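I opened this notebook to keep track of what I looked up in one structure. The entries follow the order in which I went through them.

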Amino acid sequence: MTNDLKWMISSDQQFPYQDDKAIELWFKVMKWFKPDVVDYAGDTDDQACYSKYTDDRPTEFLKMHKDENGDAIIPLMQHEAKAAADFYAKTRDIAGKNAQLFSALGNHDIRIFDYLEKKLPDYISAVTPETLWGLDSLGYEYIYYSDLPKKRFGDIHIHHGVGLSQNAGESVRKDVENWGISLIRGHSHRAGTFFQTYELRNNGKGEILRGYELGHMSDEKSTGMGYTNVHNWQKAFAIAHIENGVYPHIQIIEISPDYTCYVDGKKFTL
């Protein structure tokens with residue numbers, strides 16, 4: 001009898017700028033892999049309408065408020081979040097009622113909360129991860145972007161990520177070194193790994209810090225991803241076998257341009 005757990009982790013779907021084929025492949029793998037744990041590492045919801053870089057939608061929300069039509073604001077915010085909410089719900093449906101689910105909200109996910117704090121503070125208490133995405137009802141644990149990384153299994157923590165570099169693996173290196181932990185993160189849209197060994201730690205037994213960048217599942221050609229014309233990004237996600245519930249053996253799963261990937265030796269394609 002084994003106590004091993006199966007874990008799936010992905011990041012940066014950026015709804016409504018998601019890559020539908022990458023999402024379909026993700027769920028296809030999930031149905032076969034049957035994970036005990038599923039984590040999302042942030043920016044599931046792009047929330048572009050609350051961005052300082054978007055002119056029209058924030059103005060629309062403020063105009064509704066000034067026109068004393070405030071009752072329509074929350075339903076409109078929920079409408080904007082519906083695609084991400086459906087994604088979270090589908091994860092619960094496919095992973096099953098007993099799966100552990102977790103979300104490390106990213107800097108895009110929390111755009112709405114920053115917006116409300118600055119522009120519509122009267123609505124702060126009414127707009128939450130539950131009212132937007134149903135996270136509490138679906139049984140997700142979650143942290144905010146401003147929180148410290150959450151320890152998940154063994155040495156591995158999860159966060160959306162803070163450090164950024166133009167080179168894959170370098171962003172997570174910055175966070176691993178700054179926090180001094182092993183980490184899985186998103187944010188950079190790049191897929192890569194980083195390892196650092198400290199031979200003298202742990203009473204001479206040594207310590208290895210591990211870092212994993214998860215890539216992304218957005219559509220680079222969408223209007224929402226057009227803020228740069230250099231998409232040095234990689235589509236990917238991660239799986240792990242958590243040995244005896246303690247040590248995660250983590251693998252970055254590359255999604256090829258024709259939407260093919262291999263998980264535990266099995267080929268998945270669309």
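**Entry 1: a tyrosine and its partner**

I note before anything else that this is a predicted model. I began with Tyr88, which is buried because its relative accessibility is 0%. Tyr40 is buried as well, with a relative accessible area of 0%. I then looked at how the two rings sit. The ring centres of Tyr40 and Tyr88 are 6.0 Å apart and the planes meet at 70 degrees, so I wrote the pair down as edge-to-face. Tyr40 belongs to strand S2 and Tyr88 to helix H4, so this pair ties together parts of the chain that are 48 residues apart in sequence.

**Entry 2: other rings**

How many aromatic pairs does the structure hold? I found 16 of them. One is Phe27 with Phe87, a tilted pair with 5.4 Å from centre to centre and 55 degrees between the planes. Phe27 is in helix H1 and Phe87 in helix H4, and 60 residues separate them along the chain. Phe27 counts as buried, because its relative accessibility is 3%. Phe87 also counts as buried, at 3% relative accessibility.

I also checked which rings join up into a group. One aromatic cluster includes Phe15, Trp26, Phe27, Tyr40, Phe87 and Tyr88. Trp133, Tyr140 and Phe237 are among the other members of this cluster.

Two lysines turned up over rings. Lys6 lies over the face of Phe33, at 5.2 Å from the ring centre. The charged end of Lys266 sits over the ring of Phe268, 5.7 Å from its centre.

**Entry 3: helix H4**

Since Phe87 and Tyr88 both came from H4, I went through that helix next. I checked its length. The 14 residues of H4 should span 20 Å at 1.5 Å a residue, and the end C-alpha atoms are 20 Å apart, so the two values agree. The buried residues of H4 are Ala84, Ala85, Phe87, Tyr88, Thr91, Arg92, Ile94 and Ala95. What covers them? I listed H1, strand S2 (37-40), strand S3 (100-104) and helix H6 (129-133) among the covering elements. Helix H7 (135-138) and strand S4 (140-143) are also included. After H4 comes Gly96, with a positive phi near 100 degrees.

H4 also holds a salt bridge. Asp86 and Lys82 form it, with the closest N and O atoms 2.7 Å apart. Both residues lie in H4, four residues apart, which I noted as about one turn of the helix. Asp86 is partly exposed at 40% relative accessibility, and Lys82 is partly exposed at 46%.

**Entry 4: more salt bridges**

I counted ten salt bridges. Another helical one joins Glu170 to Arg173, with the closest N and O atoms 2.8 Å apart. These two are three residues apart in helix H8 (residues 170-179), so about one helical turn separates them. Glu170 is partly exposed, with a relative accessible area of 29%, and Arg173 is partly exposed at 22%.

Lys235 and Glu220 make a salt bridge in which the closest N and O atoms are 2.6 Å apart. Both partners are in the loop between strand S9 (207-214) and strand S10 (236-243), 15 residues apart. Is Lys235 buried or exposed? Lys235 counts as buried, because its relative accessibility is 12%. Glu220 is partly exposed at 21%. Asp19 joins Glu220 and Lys235 in a network of salt bridges.

**Entry 5: Asp19**

I followed the network to Asp19, in the loop between S1 and H1. Asp19 is buried, with a relative accessible area of 6%. Its side chain reaches the backbone nitrogen of Lys21 at 3.0 Å. The side chains of Asp19 and Tyr259 are joined by a polar contact of 2.5 Å. Setting aside neighbours within four places in sequence, Asp19 is in contact with Met217, Ser218, Asp219, Lys235 and Tyr259.

**Entry 6: backbone oddments**

Pro16 lies in the loop between strand S1 (5-10) and helix H1 (20-33). A cis peptide bond joins Phe15 to Pro16, with omega about 10 degrees. I also listed two residues other than glycine with positive phi: Asn202, near 60 degrees, and Asp264, near 50 degrees. Asn202 is in the loop between strand S8 (191-198) and S9. Asp264 is in the loop between strand S12 (260-263) and strand S13 (266-269), and is partly exposed, with a relative accessible area of 38%.

Key: Residues are numbered from 1 along each chain as its sequence is written. This is a predicted model: local features need pLDDT of at least 70, side-chain atom pairs count only at pLDDT 80 or more; totals for chains, interfaces and linings use all residues. Side-chain values use heavy atoms; hydrogens and water are left out. A salt bridge is a side-chain nitrogen of Lys or Arg within 4 Å of a carboxyl oxygen of Asp or Glu. Buried means under 20% relative accessible area, exposed over 50%, partly exposed in between (1.4 Å probe, protein chains only). A polar contact is a pair of N or O atoms within 3.5 Å; within protein, one must be able to donate a hydrogen and the other to accept it, and residues adjacent in sequence count only if both atoms are side-chain atoms. Contact means heavy atoms within 4.5 Å. The expected span of a helix is 1.5 Å times one less than its number of residues. Rings of Phe, Tyr and Trp (its six-membered ring) pair if their centres lie within 6.5 Å; planes under 30 degrees apart count as stacked, over 60 as edge-to-face and the rest as tilted. A charge sits over a ring if NZ of Lys or CZ of Arg is within 6 Å of the ring centre and within 35 degrees of the ring normal.
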